[in-house]
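Student: I'm new to this one, so could we go through it together, piece by piece?

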Amino acid sequence: MISNPPAADYFQQKYGITKTHSAVVSAVEHVKPCKVLDLGCGQGRNTLFLGLLGFDVTASDYNPSTANVIHEIANTEGFKIKTEIYDMNQASIGDNYDFIVATVVFMFLEPQQIPTIVANMQEKTNPGGHNLIVSAMNTKDFPCHMPFSFTFTEGELAQYYQGWDLLIYEEEVGSMHARDAAGNPIKLKFVTMLAKKQAE
């Protein structure tokens with residue numbers, strides 16, 4: 001494990017992409033370099049951070065347009081990244097991984113597919129491996145006012161991961177990168193979970 005990981009804004013400062021999600025930065029305190037699938041990778045903010053730390057990363061997204069940019073940045077930084085075009089709603093991850101990451105992507109998925117998507121992630125995680133999920137919530141105390149296709153309810157994600165070790169599980173209000181009409185960051189309730197699969 002690299003003792004001094006790069007800053008979360010390393011790629012933001014150097015290449016202008018969104019900074020690495022804070023949950024990914026926290027996760028590398030628990031997860032050593034291994035085979036990773038970054039679902040809904042977007043610009044590659046998490047993929048590139050993990051790649052620089054020595055993880056064997058596959059960047060997965062339904063939009064093929066960013067793959068070339070991710071490869072160019074990785075090559076410049078001296079490591080390789082695999083990319084694939086994949087729609088999470090299909091719930092058909094092809095390979096097995098030690099670490100599957102899905103930050104801020106579940107809220108754009110088809111609601112009826114969520115149980116199958118989660119089950120597929122769990123099935124394709126090697127024993128002793130990890131899942132990291134960050135997603136918006138809709139709860140009585142903090143209703144979601146954004147038009148997302150899906151939001152987790154209170155305690156829902158934890159229910160899906162019964163039998164796994166929940167190393168991190170938080171349901172807390174946080175800020176999006178998007179801003180409201182007054183220019184203030186939009187606040188939502190998010191669930192953040194890092195779960196470890198039982199070793200066989």
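Tutor: Sure. One term before we start: a contact, or a touch, means heavy atoms within 4.5 Å. Also keep in mind that this is a predicted model.

Student: Okay, with that in hand, which residues does Phe 99 touch, leaving out those up to four places away in sequence?

Tutor: Apply the cut-off to Phe 99, skipping residues up to four places away in sequence. The list takes in Ala 27, Val 31, Cys 34, Lys 35, Val 36 and Leu 37, and also Leu 50 and Phe 55. It ends with His 130, Leu 132 and Leu 194.

Student: Let me zoom out. How many helices and strands are there in the protein chain?

Tutor: Read along the sequence, the pattern goes α-α-β-α-β-α-β-β-α-β-α-β-β. Count the two kinds of symbol, and the chain has six helices and seven strands.

Student: What radius of gyration does the protein chain have, and what would a compact globule have?

Tutor: The C-alpha trace spans about 50 × 45 × 30 Å along its principal axes. With 200 residues, a compact globule would have a radius of gyration near 16 Å, and the chain agrees with that because its own value is 16 Å.

Student: What percentage of the contacts between residues at least 6 apart in sequence join residues at least 24 apart?

Tutor: Here we take contacts between residues at least 6 apart, and ask which of them join residues at least 24 apart. That share is 67%.

Student: And what percentage of the residues count as buried?

Tutor: The cut-off for buried is under 20% relative accessible area. Out of the 200 residues of the chain, the share that passes is 47%.

Student: Which element supplies the largest share of the largest nonpolar core?

Tutor: That core has 36 residues, and those with the most contacts inside it include Val 36, Leu 48, Phe 99 and Leu 188. Several elements supply at least two residues each, among them helix H3 (45-52), helix H4 (67-77) and strand E7 (185-196). The largest share is four residues, and it comes from E7.

Student: How many residues are in the second, separate core?

Tutor: Its members include Leu 37, Met 88, Phe 150 and Met 193. This second core has 26 residues.

Student: Why does Ala 195 count as buried?

Tutor: Ala 195 is found in strand E7. Residues it touches, not counting those up to four places away in sequence, include Gly 129, Tyr 161, Trp 164 and Leu 167. Ala 195 counts as buried because its relative accessibility is 0%.

Student: How many residues of H3 are buried?

Tutor: The buried ones are Arg 45, Asn 46, Thr 47, Leu 48, Phe 49, Leu 50 and Gly 51. H3 is mostly covered, then, and the count is seven of its eight residues.

Student: Which residue with a positive phi follows H3?

Tutor: The residue to look for has a phi near 100°. That is Gly 54.

Student: What does helix H5 pack against through its buried residues?

Tutor: H5 covers residues 114-123, and its buried residues are Ile 114, Ile 117, Val 118, Asn 120, Met 121 and Gln 122. Their packing partners are strand E1 (35-39), strand E4 (97-103), strand E5 (125-136) and helix H6 (156-160).

Student: Is Glu 156 buried or exposed?

Tutor: Glu 156 has its place in helix H6, and it touches Phe 150, Thr 151 and Tyr 169, not counting residues up to four places away in sequence. The cut-off for buried is under 20%. At 19% relative accessibility, Glu 156 therefore counts as buried.

Student: Which residue in the loop between E4 and H5 has a positive phi although it is not a glycine?

Tutor: Most residues other than glycine have a negative phi. Ala 91, in the loop between strand E3 (82-85) and E4, has a positive phi near 50°, but the loop you ask about is the one between E4 and H5. There, the residue with a phi of about 55° is Val 104.

Student: Is Ala 91 buried or exposed?

Tutor: Its relative accessibility is 14%. With that value, Ala 91 counts as buried.

Key. Residues are numbered from 1 along each chain as its sequence is written. This is a predicted model: local features need pLDDT of at least 70, side-chain atom pairs count only at pLDDT 80 or more; totals for chains, interfaces and linings use all residues. Side-chain values use heavy atoms; hydrogens and water are left out. The radius of gyration is taken over C-alpha atoms; the globule rule is 2.2 Å times the number of residues to the power 0.38. Buried means under 20% relative accessible area, exposed over 50%, partly exposed in between (1.4 Å probe, protein chains only). A nonpolar core is a set of buried Ala, Val, Leu, Ile, Met, Phe, Trp, Tyr and Cys residues joined through side-chain atoms within 4.5 Å.
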